[in-house]
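Let's take a walk through the aromatic side chains of this protein. Have your viewer ready, and we will go from one ring to the next.

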Amino acid sequence: MNKLFLRNMAEDLQYDDLPPSWNTFDLETFSKDKKLWDYQQDAVKNAIKVLWKYYEDFIDYHKNERVVANKDRKARFLEWYKDNGLNQEDDLDIKLDKRKRNIYKLLMEYSDDFPQENGKISYEHFINRMCFWMATGSGKSLVIIKLIQILIQLIERGEIPPYDILILTHRDDLIEQLKNHVREFNGANENQIILKELKEYPEVKREPSLFGTTVFYYRSDNLSDEQKEKIIDFKNYDNEGRWYVFLDEAHKGDREDSKRQHIYSIMSRNGFLFNSSATFVDPRDIVTCAYEFNLSSFVNAGYGKHISILKQEIRAFRDEEDYNREEKQKIVLKSLILLTYVKKFYEDIKNIRADLYHKPLLLTLVNSVNTEDADLKLFFRELKKIGQGAVDEEVFRKAIDDLVTELKEEPHFMFEEDRKIKIDEAELKNIKKDDILNYVYNSSANGEIEVLVRQSDRKELAFKLKTSDRPFALIKIGDISGWLKEELAGYEVQERFEDESYFENLNKEESEINILMGSRSFYEGWDSNRPNVINFINIGMGEDAKKFILQSVGRGVRIQPIKNKRKRLLQLYNAGEIDKDLFDLLKDKAFPMETLFIFGTNREALVTVIQELKKEKSKESVTQLSLSKNPDIEGYPLFVPTYRLTLYPILRAETELQFKVSEKDLEVLCKFNAFVTDDRVLLMRYKNAEPAKIKILREGIKSNSNLNEYFKVDNCVNDVKDIDLLIQRFFDYLNIVPEEFEKLKELKDEIKHFKNIKVYLEDLKDLKDAIEDVGFYKDESEKNKLEQEAYDKLISGEITIKEHSEIIQKLGRMAKEKEVEYRNKKLKIKHIANHYYIPLILSADEKVDYIKHIIKVKSEVKFVNDLEEYIEKANNRFKEFDWWFFSKLDESLDGIYIPYYNPNINNISRFYPDFIFWLKKGNDYFIVFVDPKGTEHTSAERKIDGYEILFGELGKEKLFNYKGYRVRIKLLLKAIGTSGSSGKYNKYWFNKISEMLDKILEAV
């Protein structure tokens, strides 16, 4: 099964279309220094959409509602899953086994909430939950805290029940990390989160906080159904299951066999359960996954470094194998050589601009630290010898040759089958021992190692060569005492007087540390962009070791080419976040900086890393297909509009935008205006309130008129209900900075969805064959011409009989349309000569879930079919144009849109029409946006308003002179049946393709 049902279901809902009390949140701000990245905001949006579906769309929550309402919600929730393809055979039910007495007895105690039937409990009773499958290092903790903030706001708005919130995680250091994040969050937010241990629950309920919202926390593994010193009995805190429970990596144990998992469900049985992890395998977690951004997605989306797991093993450090000194030295040299290689590129980049990328770092993670021949000691001893200059030239050259031999074969990166390692072979071969001294040891000459310690820190040791004044390496372990007494006896030890930790400063630009060594004492919660090489030495095969490997790899993949831009260079360039000049300067130097090279000690451990990481990738077997740009388009100018922000917000700008309110809300505003007459109250109560804004508010509502410059009654706008939220929305509205038309430009990369067709299937042969055959389609005369050319080449000896046969077979297979079927849902592959890319992929079933970024919405499919049928007519009006082309647009990937004011979100939204046409007749040139969704009239009229502000003039289209053409930009919407709009909007609607052409040509 392994299918992310809830994510797909949530993504079909539009966040912007939710009622105001559900979509008026600041999703970006976390603290003074942190903002949520777009993928983190997407995770929060999906959570909000699911909660809206659960607490409003299924059964609208009301204060003091009966428990049965929540049971009905669960039943409706399960039905929604079934509507989206969850089958009976997927069998998520909890099977009861009397032999597992503890679990059986526990569940039977709650039989009213979890009724059994035929020896099992329907999953319906556990379905009030959602999971977040996010990579280590992707900021799951920030998402949890942001979501808690939103839950608190939803409770205040009366949209969800006012239940307590509990965070459960499985280690003390993770609890400390949570506290640090909350402190950081509280420093920038008025609504404070007050963390209290679950044991303090009775006291908190007796004396609730007056200065914020209490959120409880506890160690998940210390929650049980019995009471001991640290173990607490959850029944003492059950509160009839009225909890919002957040699990942070607290899902250990099989769902049916782990008592704790059932305890979490029991505590949240009348509330909601949120489960976050970097590693999910249980089908119940995967089905209820509301957002997925695991390591595979993290890397593929460009947020992480490329991952290269080298075939060469660190075999010389195997406990059971006796390798000579040269072999041990050679493997250490390999990691130092790779680090030097990357640092050379870093130095080149720093010469271009000082604030780019990160200082490369070698991270060595070991299994043993303090035993006689501990892995860390063996590695350190080799570092010492290399620093002294005790390196055999032949060993050094062999280390480089081994690396060159493997890397010049261009092995694929993990998760990125279409990307290979590219190295500068000459640069790698030319690395000298002096380069390692310079780039790794921070020295120009060999020397003995000195130890740097500080009395206030017994967990870290720094090292430098006596020939240098800068440290180069750091050991971070639980206790350095043993090392100082044994391994470092006889070394010169310097006591540092400054109290700054090398480890704490590791991410700062001034840090000189190039090698970080340790075990597991620092990897959890440690965030750094710096690792480019990781050594795993004797990390075993146990479950903890597997997780350690996965999480530390996750810690090593972060990337930040430019401050506050955490994507690889190419993705930043494609998104327009850096200019071409900078991209061109960096593109040949960025690859090593954006790669994480990994060495493993033994083959079993290495295979573990590969298999565990690939397991995440294979959950849904995602394959990305790329269709082809239509070659017939080459040479034709295709123009698109671009926009820029206006100079001033609505408060100070001349604009036609108006704040839309329902008649009911306007009445409430007028009563409030009459009741609260002191402006100082508004200044104190509302964020961003200013005298000028308050004056506009007073003048706008004093007459209860819908003709005011800033207000307009629109009864299609949802009632806000909350007067504070309504007034805050108006003040926020006056801060909006609209977009305005800037210029026309030639189409470049604005349409790119056709290069990113994602397919969630194992066997794609039929689909790929159909795409190739339809993509190659030629009309009969062109086909005959190609057959004749092939025959002539055969006769002249230019091609062989076999090559001729292959050409004829290919011509015989080509077709204008083909059909393939998967999971009882058919796809049509069409060749339409005037389309921007070929072929088009259409589905008649909107719920097709195994392929993304195709045409599947019923109205869009019908439009394409109608268009194709119309083109076939001898008298079609397209023939009146010199030339024309069109393209499907995809709002999730393409960059062509019309900005408009959206009252639902009280901000500027982007309207992405479904199609764009380019048509040229003489000097008249038309850009026509076509949207065939004719049922969303209110939304459509707002989008038309936005279009008219930008491209309308006195009831007609503005005329733009560009490159010798008279360019008009039109918007047309195809009605469904007799639907459409009346009044001034009527001219934008059409029913037939011929009517669309009539409306375009009427301007000529």
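## Rings in the interior

Phe-915 has a relative accessible area of 0%, so this residue is buried. Keep in mind as you look around that the model is predicted.

Phe-886 is buried too, with 0% relative accessibility. The ring centres of Phe-886 and Phe-915 lie 6.3 Å apart, and because their planes meet at 40°, between the 30 and 60 degree limits, the pair counts as tilted. This contact joins distant parts of the chain: Phe-886 belongs to strand β36 (residues 883-888) and Phe-915 to strand β39 (residues 915-921), with the two positions 29 residues apart in numbering. Phe-915 has a charged neighbour as well, since Lys-888 lies over the face of its ring, 5.9 Å from the ring centre.

Now turn to another pair. How many aromatic pairs does the structure hold? There are 70. In one of them, the rings of Phe-659 and Tyr-733 have centres 5.3 Å apart and planes at 55°, so this pair is tilted. Here a strand meets a helix: Phe-659 sits in β27 (residues 659-661) and Tyr-733 in α26 (residues 723-734), 74 residues apart. Phe-659 is buried at 1% relative accessible area, and Tyr-733 is buried at 0%.

Two more stops remain. At Phe-776, the charged end of Lys-810 sits over the ring, 4.4 Å from its centre. Finally, find the aromatic cluster made up of Tyr-54, Tyr-55, Phe-58, Phe-77, Trp-80, Tyr-81, Phe-246, Phe-272 and Phe-274.

Conventions: Residues numbered from 1 in each chain as written. Predicted model: local features only at pLDDT ≥ 70, side-chain atom pairs only at ≥ 80, totals over all residues. Heavy atoms only, no water. Phe/Tyr/Trp six-rings, centres within 6.5 Å; stacked < 30°, edge-to-face > 60°. Helix = DSSP H or I, 4+ residues; strand = E, 2+ residues; numbered from the N terminus. Buried < 20%, exposed > 50% of the residue type's maximum accessible area, 1.4 Å probe, protein only. Lys NZ or Arg CZ within 6 Å of the ring centre and 35° of its normal.
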